[in-house]
Amino acid sequence: MLLDIHVRIKDALRAAIVSQWNIDPPDVVLNQTPKIAMGELATPVCFELAKRLKKAPRAAAAELIAAAGPIEGVRKLELAGAGYINLFLDRANVLRGSSMEMDAGKFRGFGDNPGKVIVEHTNINPNKAAHIGHLRNAAIGDTFVRVMKSTGRPVEIQNYIDNTGVQVADVIVGFKYIEKKSLDEVKALIADPDVRFDYYCWDLYAKSAAFYEAEDPKKTLRGQTLKEIEEGGNETAQMGEAVAMTIVKCHLATMARINVRYDLLPRESDILHLKFWDRAFEELKAKNAIFFENEGKNKGCWVMTLDAEGYDDDKIIVRSNGTVTYVGKDIAYQLWKLGLLHKDFLYDLFDSDRHVWVTSSANGRPIHPAFGHGASVYNVIDVRQSYLQTVVRQGVLALGYEEEAKNSVHFAYEMVALSPACAQELGIELSEEDRKRSHVEVSGRKGQGVKADDLLDTLENDARREVEKRNPELTPAEVAEISHQIAAGALRYFLLKFTRNAIIAFDFKEALNFVGETGPYLQYAAVRGCNIINKLIAAQPDYDLNRIKRFENDPKLQTMLAESDDIWELVYIASRLDEIIAQVIQTMEPATLAKHAFTLAQAFSVFYGKYRIIDENDEDKQVFYLTVADFARRSLMLSLELMGIEVPRRM
RNA sequence: GCGCCCGUAGCUCAGCUGGAUAGAGCAUCGGACUUCGAAUCCGGUGGUCGGGAGUUCGAAUCUCUCCGGGCGCGCCA
């Protein structure tokens, strides 16, 4: 809605510049004014014009205002400050248009590209419980997915499962050689309801590091185990399969707690067994994207030359022993995602309730959704893998797929570390230097870190205490549901409010906070918004709620909005959602949405405290307030939904 | 060595393609509950935007340089 007005303003001003001075118009930039009373939007374009026309900026602005015809949705243009043009929008029109847009549930967002978007996120090694770093990845990825879907673009969510990697092998080494367990014993452990299997593996994985050091310094057992897992058809591989897929189920259950789900789980074992790499290898060779090194340190390897800045050495794709590196497999997978591999997986249903599919090499179902063939591919992976992502994109480019390489996007974000205080709370030993740092990186190999489910459990307990205190009449089931919603909301907001390239120094005090700029603050504002309607009906059972919708078209709305800048400011913020959505997509920055939603909740809370609606005697005023409250509430709830944050019935 | 990121209030962070008086939250001090639910609201204290130079009518934002910190550059994944 506002985006349409922006376009009209820019077009109109450009046309006016051309007709007035017959020059090539500069880019018309629109900014927010410092105060809503000065209008909603401002353009500094006349400063640029002043330079070109050798006029005073204010003079140029006055002429431009005079030259510009009426613009649909804009009430007036005003000369301001040193030469700004301030624009005053038609207030009722903004509310009405934005309200309709929200009803339709489809936002302009970006471009007209109708192609499918593939977003790959989460990607946790299936060998231990998920931790907070994984939660950040999922929260960012899932929010980006929701935002993109709100523009009507088809999105496919993939969660890559590296089920044949060394990390899985290490846990299998733990089961087989540290604990000396058979396949049946491991299966019994998996079936034991008293064992949190992902937690068990968390500890076992940490033990494997110590085991290698003491018993197997050359890690021959790891190599051997990895080989057996990759080859398949043996007991080690069966154990690996059982362990990895059980852990995947744990991860999906954990992620479901914060409202994250997936469409497809592509597995590395299937990429291996279906020989995706062989196909990619042939093409890379045929198109001279990689070459065989006959001399030097990389003798006997297939390597790719990188022309990316900062990476001088060739990257080894196939080792001298003939095995493919991780990046090689990733290139094959990326080609498949882009629909360029000319090979496909088989597919099986992994979770029929949530419609999650998994790739397969042998037992595919005849009917399945069409996966892959993404027009754009976003890989949500932490920034430390930038180098590898560059190699993958380079591989696509070297095959001559320029457009596809451009549409292969590394959605990078910074890691979650621990504040030194938090690390100490967890019993992690710190050096004198570590204590002075702003954050301390954790090592999963040492079993350090904050497990996702532990954090969620703590949040739920804290929330439960508050909910029970405030709502003694609720049943235990209701308390449990609301506590969960608050815990998940608090966590998701906490992870989303930081921009992508901010390192989160995790701290329990901040993450467990329900006051101030937090998820529960936003939820509370939304709950109060909903309660206005509930209380109104309780107080006046015969109140016709349709009056609210009708009032959007009542001429009184215009005059009442014109008379109250404070209320208009709330309406304006609430109507900016389409603009925010477009910005989130363009900049790949979900934090922008989080900040916006918080600003909206703040404005709503102010409005809520300032105006009493139920006991308002003036009928016109009451319906006006109701219209505004309902509009703001809907916008806030939509924003929350885009962040995967639920609104509890009560708080 | 090369490359990327960061440095803004006591703490944690926003600040969009350069634009009007640099903003939030927490903390701190003070005020508002017989309430459409105070997980809230109102007010106060608190900043030479790491230093310097440059570009510009205009720089927290762009360029260069220096200082301080993080990360990456594997025949690991």
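Trainee: Which helix gives the most residues to the surface near RNA strand B?

Mentor: H26 gives the most, with six residues. This is a predicted model, in which local features need pLDDT of at least 70, side-chain atom pairs count only at pLDDT 80 or more, and totals for chains, interfaces and linings use all residues. Residues are numbered from 1 along each chain as its sequence is written, chains are lettered from A and ligands numbered from 1 in the order in which they are written, and side-chain values use heavy atoms, with hydrogens and water left out.

Trainee: What makes a residue count as near the strand, and how many residues surround RNA strand B?

Mentor: A residue is near if one of its heavy atoms lies within 4 Å of the strand. For RNA strand B, 62 residues surround it, the closest being Arg319, Arg470, Asn471, Thr499 and Tyr608. Sugar and phosphate make up 63% of the strand's atoms that come within 4 Å of the protein.

Trainee: Why is the approach of tyrosine 611 to RNA strand B called a polar contact?

Mentor: A polar contact is a pair of N or O atoms within 3.5 Å; within protein, one must be able to donate a hydrogen and the other to accept it, and residues adjacent in sequence count only if both atoms are side-chain atoms. A polar backbone atom of tyrosine 611 lies 2.5 Å from a base nitrogen of RNA strand B, so the pair qualifies. Tyrosine 326 also places a polar backbone atom 3.3 Å from a phosphate oxygen of the strand.

Trainee: Why is H26 called roughly antiparallel to H27?

Mentor: Angles under 35 degrees count as roughly parallel, over 145 as roughly antiparallel, 65 to 115 as roughly perpendicular and the rest as oblique. Axes are lines fitted to C-alpha atoms, for helices over the stretch in contact, and angles run from 0 to 180 degrees between N-to-C directions. The axes of H26 and H27 come within 10 Å and cross at roughly 155°. H26 is therefore roughly antiparallel to H27.

Trainee: What makes H4 oblique to H27?

Mentor: The axes of helix H4 (residues 91–104) and helix H27 (residues 619–642) come within 11 Å and cross at roughly 45°. That angle falls in none of the named ranges, so H4 is oblique to H27.

Trainee: How is the surface near RNA strand B divided by residue class?

Mentor: The division is 29 nonpolar, 13 polar and 20 charged residues. Ala, Val, Leu, Ile, Met, Phe, Trp, Tyr, Cys and Pro count as nonpolar, Asp, Glu, Lys and Arg as charged, and the others, Gly among them, as polar.

Terms used. Helix = DSSP H or I, 4+ residues; strand = E, 2+ residues; numbered from the N terminus.
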